[in-house]
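Open the model in a viewer and set the side chains to sticks. The stops below say what to select next.

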Amino acid sequence: TQWLISAAISLLGFSACSKTDDKMLCMYGTPTFDYQAEGHVADEEGNPIEGIQLKVSLGNTSNDSAKEKITYSDKDGKFVTPKYLNQMIFSLTAEDVDGAKNGGEFETKEIDLTKMKPELDETNADNWYWGVNVYKNILIVMSKKTADKE
């Protein structure tokens, strides 16, 4: 009896993975996504700020050391984070780590990305990999530190 039940269950498993009439292949598992953020860092007058450190706080990871990643803004104030496989970006923390070198000292600012909807870029998508969820056009406006806040 156990042998018959095992054989029947095995056959059901194989038939569940067969092609359907519309030629779509059914597969087991979970599709994967990458997550990425891109944007611009500027001062209150709209001037780009180079060298702002952006700490990327990730979710869906069991490795504590992998929860925070760092990237920097370029000379035009632009930044693009690396792509993180199946790890949603929860927030970006912009911090001026080089002092007055980039046009003044700026206050640290945190951007909550959980309130934003990423755009799905399906350029390299296939059956298992569905593409990159990109948080686009993030504008981080940094305020200069004042003497009473230092």
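**Salt bridges and a surface patch**

Select K75: this residue is exposed, with a relative accessible area of 60% (buried is under 20%, exposed over 50%, partly exposed in between; 1.4 Å probe, protein chains only). The model is predicted, with local features requiring pLDDT of at least 70 and side-chain atom pairs pLDDT 80 or more, while totals for chains, interfaces and linings use all residues. Numbering starts from 1 along each chain as its sequence is written, and side-chain values use heavy atoms, without hydrogens and water.

Add D76, which forms a salt bridge with K75 at 3.9 Å between the closest N and O atoms (a side-chain nitrogen of Lys or Arg within 4 Å of a carboxyl oxygen of Asp or Glu). D76 is partly exposed at 36%.

Next, select E95 and K55, a salt bridge with its closest N and O atoms 4.0 Å apart. E95 sits in strand β6 and K55 in strand β2 (residues 52-58), 40 residues apart (strands are DSSP runs of E, at least two residues, numbered from the N terminus). Relative accessibility is 26% for E95 and 24% for K55.

Move to K136 and E119, whose side chains meet in a salt bridge at 3.8 Å, N to O. K136 belongs to strand β9 (residues 129-142) and E119 to strand β8 (residues 119-121), so the pair ties together parts 17 residues apart in sequence. In total, the chain has 4 salt bridges by this rule.

Finish at V97, in the loop between β6 (89-96) and β7 (109-112). V97 is partly exposed at 43%.

Technical notes. Helices (H or I, at least four residues) and strands (E, at least two) are DSSP runs, numbered from the N terminus.
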